[in-house]
Structures are given as C-alpha cells and as structure tokens.
Amino acid sequence: MTTDHRARVDELLADYRRSREQLASVQRDLAGVTAAASSPGGEVTAVVDARGTLTDLELTDAAYRLRPPQLAQLVVRTAREAVALAAERTYRALGPALPAGTDPEALVRGTADLRPEEIAPSARPGRVDEDEDFEQRDWLDVDATGRHLR
C-alpha cells in the first residue's frame, strides 16, 4: 500500500512540474507578444505589447502634412488595430494552457465565468442596494466639527 501511495505522490509531483513548466512557457510567450499596425498610407506605425500598451509610435514625414485632428484620428485608429492584433496573439498564447472549452478572450476580459445578465448593466440604474444605502448613517449628518446638522 505504501508503494501505491508513493507512486501516486510521484505522479502528482510530475503533473505539478509539467503544469509549472507549461505556465512558465505561456508567461514567456505572453512576455514576447507585440503587434504593429500601420496606417493605410504608411504615415503612422503603432507598436503595442500584450496588454495593449503603446510601446512605439513612428510617424513618417507624410504624417506631418496631415491636419492635427486627422493625424490624431489616424494614430488612434492605427493603435487600435495594433491592440486587436496583440489581443489575438495573446488569446492564441493562452489557449493551450486553458481547460477545454475556456474562451481565452473572455478570460482576458474578466468575463469567463460570468453569465450575460451579470455583465449587462442593471435594469434599474438609479437603484441603491439596501446594504449600500448610506442615507440612514449618522455620519452624513455631521459637519466638519462633529456637530449634528439636523
């Protein structure tokens, strides 16, 4: 019986080591995720990391011929394209490490285990939960000196 127990412990430790190596591999892959996008005319190139943080922005001489609002819009649109590419690469890097049926995009968004009705805004936006009703609290009726206002 001790031999069976020891074999099971060895198996669990081997599984744990494989899981840790897979996690380390995914972390390395995620750390290396970058994406670049260029505007259609090549005036702007945006580079982002796995989190969508802008890490580089290149403007060609042609970009300076654009009016400031046009250039700003082009930069934002190009950066968004780079973010979308980085997100796709992030989902692909995460996919193999996730349990079957887990949506990497939903996991990154933080909605993987939420139902649609939990994500949607409340049907009664002005409603205050009873636990959150602060109107009955005495501290609201006290001024800066500690005197009651009512």
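How many residues apart in helix 1 are Arg6 and Asp10? Select both to find out. They sit four residues apart, so about one helical turn separates them. Keep in mind that this is a predicted model.

**Stop 1: the Arg6 pair**

Stay on Arg6 and Asp10. They form a salt bridge, with the closest N and O atoms 3.6 Å apart. Now show the surface at Asp10. Its relative accessibility is 36%, so Asp10 counts as partly exposed.

**Stop 2: further along helix 1**

Select Arg8 and Glu11. Their side chains meet in a salt bridge, 3.0 Å from N to O. Both residues lie in helix 1, three residues apart, about one turn of the helix. Arg8 is partly exposed, at 42% relative accessibility. Glu11 is partly exposed too, with a relative accessible area of 42%.

Next, select Asp15 and Arg18. Here is another salt bridge, at 2.1 Å from N to O. This pair also lies in helix 1, three residues apart, about one turn of the helix. Is Arg18 exposed or buried? Arg18 counts as exposed, at 52% relative accessibility. Asp15 is partly exposed, at 31%.

A search of the whole structure finds four salt bridges, including the pairs just visited.

**Stop 3: two helices together**

Select residues 2–31, helix 1, and residues 68–94, helix 2. Their axes come within 9 Å and cross at roughly 170°. Angles over 145 degrees count as roughly antiparallel, so helix 1 and helix 2 are roughly antiparallel to each other.

Where do they touch? On helix 1, pick Val26, Asp29 and Leu30; on helix 2, pick Thr90, Ala93 and Leu94. These residues meet. By class, the contact has four nonpolar, one polar and one charged residues.

**Stop 4: the largest nonpolar core**

Select Val33, Ala35, Ala37, Ala46, Val48, Ala79, Ala82 and Ala86. These eight residues make up the largest nonpolar core. Colour by element next. Strand 1 (34–38), strand 2 (44–49) and helix 2 each give two or more residues to this core. Helix 2 provides the largest share, three residues.

Now centre on Val48. Beyond its neighbours within four places in sequence, Val48 is in contact with Val33, Thr34, Ala35, Thr53, Leu54, Thr55, Ala79, Ala82, Val83 and Ala86.

**Stop 5: another core**

Apart from the largest core lies another, of five residues. To view part of this second core, select Val44, Ala63, Leu74 and Val75, which are among its members.

Key. Residues numbered from 1 in each chain as written. Predicted model: local features only at pLDDT ≥ 70, side-chain atom pairs only at ≥ 80, totals over all residues. Heavy atoms only, no water. Axes fitted to C-alpha atoms, helices over the stretch in contact; angles between N-to-C directions. Parallel < 35°, antiparallel > 145°, perpendicular 65-115°, else oblique. Contact = heavy atoms within 4.5 Å. Nonpolar A, V, L, I, M, F, W, Y, C, P; charged D, E, K, R; others polar. Core = buried A, V, L, I, M, F, W, Y, C linked by side-chain atoms within 4.5 Å. Buried < 20%, exposed > 50% of the residue type's maximum accessible area, 1.4 Å probe, protein only.
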